[in-house]
Amino acid sequence: MRADAASAICTAAIAFALADHVDATTLGLPGGPEPEGIGQVATILHADPYDMELLISFGTSKGGSAGHLALALRGEGKGDDIVYSANFYADRSSEHAQGFYTKDLMLAIPKLEYLYGTHSSLGENATFGLDYGEAYKRSVIGVRVYGVPDAEKAALVAFMRRINEDYHAHRRATEYHDAEVRYDYLQFNCAKSIGSAFKYGAGYTDLEIASSRLSSRRKLASALNANIPTEMAMKLIDQWNARGYRMDVVLYRKYAASTYVDPHDESRIAFKDLPDRFPSVLSRDYLREKGQYRDFDNLYAMYVLYNMGRYAVRVDDTRGSLVIETLKIPMPYAQASERAIADASVDSRRFRVRLPFVPAGKTLAGNSAAPRESAEPASP
């Protein structure tokens, strides 16, 4: 084991031992306490000189679960990264005109607040589990990227600000969006906003971004052409590899005991009872239940992220403290991708038959992985 990995384990153990007890029954609620040890864990993660982190949030619905995509940039905030995240409620609908945070389309949130905060710097209209406290509602995978020039990070920040300027000005037909600049689940969602920042802000001219116009006759076509978080994440990882940037992965596990129920959610399901589902690409897997992924692209995404995995962060249920664990030494992307392609190819073929098998690929623990002991019959 490398010295830095062993040191991280030791440091995490010390942080855990020194952490005060927090009443676990009050964790995971807006306005409540935050886990102890957040600062110690953040110090361990910041000891690695990454420049930015792509945050891939899991889905919380049984079917059609796309998840969410956001970008954290280092050096933007005092002592913390700043997460840029598309605002689901900035759609100019009458339904969201009151009681929701709609001041900006691209939110800028300190990363620790985004993941584990129970109070929002955005104000009282911010949505718990979405704008802050994500890890109480769902798991988040962070792809950390090393070697990014400062000029590229500055260009990304400038473009995020420009999106907000265009949103405030009700601009239409920009080079990055052919309709009014506002949030739209299909036309201008989280994946398109992050992809646009890299393509039009940071100069990733060959990054493919889908364009989808919505009409009553073409809703299905628009959905099929929408930008999907996992698909955009895989495109960006390829772009970073081509630029020679190094990458590794952190899994921020969902705190599985939050009793909070979002009053805006029609289903009125407590966070602890929501699915915690790896966000699917557009495929037959998109409508399958948790634990039934069999599509090559989903298997590849899960396997390559596992292969690059380095740390897992979780809230300890008994002490109410944040704990970091070293998963393994991460593979370089080229090796991780080659292994993932081979394993996903084998497993996707095996899932087409009814016989039980143990998948060749491995996934990050706690996600919506393919079944590890048996395969269900393939859908017709």
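**Entry 1: one leucine.** I started with L305 and listed what it touches, leaving out residues up to four places away in sequence. The partners are I56, I141, V143, M234, I237, V249, F278 and L364. I note that I am working with a predicted model.

**Entry 2: the cores.** Next I looked up the largest nonpolar core, which has 64 residues. L305 belongs to this core, and together with F198 and W240 it touches the most other members. I then asked which helix gives the most residues to this core. It is α8, residues 296-307, with seven. I also found a second core, separate from this one, with 33 residues. Among its members are A126, Y136, V140 and L274.

**Entry 3: the sheet.** I traced an open sheet of eight strands with mixed pairing. I wrote down the order as β4-β3-β2-β1-β5-β6-β7-β8. Which strands lie at the edges? They are β4 (106-110) and β8 (321-326), and each has pairing on one side only. Ignoring direction, I found an average turn of 25° between neighbouring strands of the sheet.

I reminded myself that strands in a sheet pair through backbone hydrogen bonds, in a parallel or an antiparallel way. I then picked one pair to check: β2 (residues 68-73) and β3 (residues 82-86) run antiparallel and are joined by four bridges. Within this pair, I matched L71 with its bridge partner in β3, Y84.

**Entry 4: helices on the sheet.** I looked at α4 (residues 150-168), which packs on the sheet and touches β1 (52-57), β2, β3 and β4. The direction of α4 makes about 125° with that of β2. Helix α7 (residues 229-242) packs on the sheet as well, touching β1, β2, β5 (140-146) and β6 (246-252). For α7 and β1, I noted an angle of about 155° between their directions.

I stayed with α7 and checked its length. Its 14 residues reach 20 Å from the first C-alpha to the last, close to the 20 Å expected at 1.5 Å a residue. Which residues of α7 are buried? I listed P229, T230, M232, A233, M234, L236, I237, Q239 and W240. Just after α7, I came to G244, which has a positive phi of about 85°.

**Entry 5: confidence.** Last, I looked up pLDDT, which averages 86 over the protein, with 83% of the residues scoring at least 70. Residues 1-20 are below 50, and I noted 25 contacts for this stretch beyond near neighbours in sequence. Residues 215-222 stay under 50 too, with eight contacts beyond four places in sequence.

Note on methods. Residues numbered from 1 in each chain as written. Predicted model: local features only at pLDDT ≥ 70, side-chain atom pairs only at ≥ 80, totals over all residues. Heavy atoms only, no water. Core = buried A, V, L, I, M, F, W, Y, C linked by side-chain atoms within 4.5 Å. Buried < 20%, exposed > 50% of the residue type's maximum accessible area, 1.4 Å probe, protein only. Helix = DSSP H or I, 4+ residues; strand = E, 2+ residues; numbered from the N terminus. Contact = heavy atoms within 4.5 Å. pLDDT = per-residue confidence, 0-100. Pairing = 2+ DSSP bridges. Axes fitted to C-alpha atoms, helices over the stretch in contact; angles between N-to-C directions. Expected span 1.5 Å × (residues − 1).
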